[in-house]
Amino acid sequence: MRYSQTLIPTVKEVPAEAEIPSHQLMIRAGFIRKVASGTYTYLPLGNRSLLKIIAIVREEMNRAGAQEILMPVLQPMELWEATGRREDYGETLAWFEDRHGRENVLAPTAEEVVTSLVAAEINSYRQLPVNLYQINTKVRDEFRPRFGVLRSREFIMKDAYSFHANVDDLEKTYRAMYDAYCRIFSRCGLKYVAVEADSGPIGGSASHEFMVPCSAGEDVIVHAEDFSYAANLEKAEIDAPAASPQLAAARQAAPAMEEVHTPGVGSIEAVCNFLKNRPADMIKTLVYTSGKDVIVALLRGDHEANENKLRRACDGAALEMAPPEVIKNVTSAAVGFAGPQGLAGKITRLIVDNSVAAMTSGVTGANKTDYHVRNVVPGRDFPLSGANVVVADIRNAVDGDTRGGKALKFSRGIEVGHVFKLGTKYSQKLSANFLDEQGQKQPCIMGCYGIGINRILASAIEMGHDDNGCVLPIAIAPFEVLVVPINISNPEVMGAAERIYKDLQAGGADVLLDDRDARPGVKFKDADLLGIPLRIVVGEKSLKEGKVELKARTEAKPTLVDLGAAVARTLDLAAQLKSQLSGESR
């Protein structure tokens, strides 16, 4: 392809609205242009990179035994109501009413559609397993689109859905897809981490996220220093505090509860300032509702509740923060003055975080407006066991926590893929059943597997850039080689550049010829900005010596190579770069 005939509108200035390198560089390098908040047009170079990513994804999905289909972006709302996910997605769900008064969803994902397809087409265990995937546009009405294509309202996703007769079969496909994802991200040149994850609104029993560690990432990765354990913040497990042999004696020696007047002082910070104690000395009492049930969770004042863990401790119940009238009815106090003492008999369940269960004593609300209580002892003043009492890990990990005895570290990351074991959540609701070997009707057991195509490109740029522009892996760069003739009016220079360009193409390389009538500095700056891995410069001076300059984007200086050997050297170097992206699973 020739630069002069290609739309590559590079920009010198950093766009004001672009907060992170990938967003800035995708605009500056002419990969994308904004249409509206959270929606972008991909220009020729950006689209070329997307197509290369899609080709890798498609090849590995086919290799893993998945079959490609194409489902509609437009989905009937009744499918989402049948699964209950209209409420789960809430305002993120983009929907509209058509001219006939029917409600339709602009697909954020496709579990409902694919499950209804299988319900109509699969009826016997002999037809299972089946793994169906598509590469298609998705829409989510993000409240605050940001970071360019990393959090956009419209994006391209590869989503796959597997259906099985038994759990063992699901496990085989889950592992095959996990391995396929490892190969995909390796072949795309990403340094990634597979972390344990919570399934969120998708649902299911187990899941893993594939994360690219990056300071611009919106997700938190919690991990051991050697990454022998890694999970997202919602899933990260924490060791319970080690049992202290002095704890029982310290609790026995603790004085009786002491009520303290704390007028108008309800927050943790305000109470600590008033009573001169630390947040770690506080017992925070959180009141939730689940239908008619009332659930109380206890955390240390310096910790935050992890609602995914809390939900699991409540056997998956949907929880909402209790309104003030419920809190007043249960505790006899206004918001900010609740405490655990005396509540166990009034509520459905009391869930005590491990850190609270390990406290000698603490300060908490007195269940009396404008009063708090000192010397509240776990196990003495509120129960740590009983029919409706659960002691569990229900908080977010923090510095100083361990898992398996190893200190936990915190990094930020970009989620580029997610695999789930769904179970029968969707198949039961949408009647995706099959007859087993005994002729009994059973719901299909499902898995689902998503990859953000756009995010792979943005993540590669976040990982690979410098002050001059993008540094892209050869597998997903818009071109593998850029041929730059200096002074296109010189027929010898252009003749040599044209021969190199055509010979590289004949050798299977993806080449861009910069045939613009522009100054060398402009061409070199654009070459670095675009991030094309290999560059050949054909100049008058070097050509007189029978040489051209060959430079990798990652190298500081070019190397002079013989004109006759330039193509072979370039193809060999390109092959080496590709071989480094082998994509073997790990």
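Buried here means under 20% relative accessible area, and exposed means over 50%. With that in hand, the tour can start on this predicted model.

**The whole chain**

Show the full protein chain first. Its C-alpha atoms fill a box of roughly 95 × 65 × 50 Å, taken along the principal axes. Colour by secondary structure to see 17 helices and 32 strands. Of the 586 residues in the chain, 53% are buried. Among contacts with a separation of 6 or more, 70% are between residues 24 or more positions apart.

**Stop 1: helix α10**

Select residues 324-331, which form helix α10. Which residues of this helix are buried? They are Ile327, Val330 and Thr331. These residues lie on the same side of α10, because they cover an arc of only 80° around the axis. An α-helix has 3.6 residues a turn, so residues three or four places apart point the same way.

Now add strands β14 (283-290) and β15 (293-300) to the selection; the buried residues of α10 pack against both of these. Turn the view to the face of α10 directed away from its buried side, where the exposed residues Glu325 and Asn329 are found. Then step past the end of the helix to Ser332, which follows α10 and has a positive phi, near 70°.

**Stop 2: helices α2 and α13**

Select residues 44-63 for helix α2 and residues 453-463 for helix α13. The two axes come within 9 Å and cross at roughly 115°. Angles of 65 to 115 degrees count as roughly perpendicular, so α2 is roughly perpendicular to α13. The crossing is right-handed.

Show side chains to see what makes the contact. From α2 come Gly46, Ser49, Leu50, Ile53, Ile54 and Val57. From α13 come Ile453, Asn454, Ile456 and Leu457. Sorted by class, this contact has 7 nonpolar residues, 3 polar residues and no charged ones.

**Stop 3: Ser22**

Select Ser22, in helix α1 (residues 21-28). Is Ser22 buried or exposed? Ser22 has a relative accessible area of 1%, and a residue under 20% counts as buried, so Ser22 is buried. Not counting residues up to four places away in sequence, Ser22 touches Leu150, Ala458, Ile461 and Glu462. Display these four residues together with Ser22.

**Stop 4: Arg311**

Move to helix α9 (residues 307-313) and pick out Arg311. Arg311 counts as partly exposed, because its relative accessibility is 26%, and partly exposed covers the range between the buried and exposed cut-offs. Which residues does Arg311 contact, leaving aside its neighbours within four places in sequence? They are Asp198, Gly316, Ala317 and Leu319.

For a distance across the model, draw a line from the C-alpha atom of Arg311 to that of Leu132. These two residues are 179 residues apart along the chain, and the C-alpha atoms are separated by 31 Å.

**Stop 5: Asp526**

The last selection is Asp526, in helix α15 (residues 520-530). Asp526 has a relative accessible area of 8% and is therefore buried. Which residues is Asp526 in contact with, again leaving aside neighbours within four places in sequence? Select Tyr3, Thr10 and Arg516 to see them.

Methods: Residues numbered from 1 in each chain as written. Heavy atoms only, no water. Helix = DSSP H or I, 4+ residues; strand = E, 2+ residues; numbered from the N terminus. Buried < 20%, exposed > 50% of the residue type's maximum accessible area, 1.4 Å probe, protein only. Contact = heavy atoms within 4.5 Å. Arc of directions from axis to C-beta. Axes fitted to C-alpha atoms, helices over the stretch in contact; angles between N-to-C directions. Parallel < 35°, antiparallel > 145°, perpendicular 65-115°, else oblique. Left-handed = near helix turned anticlockwise from the far one by under 90°. Nonpolar A, V, L, I, M, F, W, Y, C, P; charged D, E, K, R; others polar.
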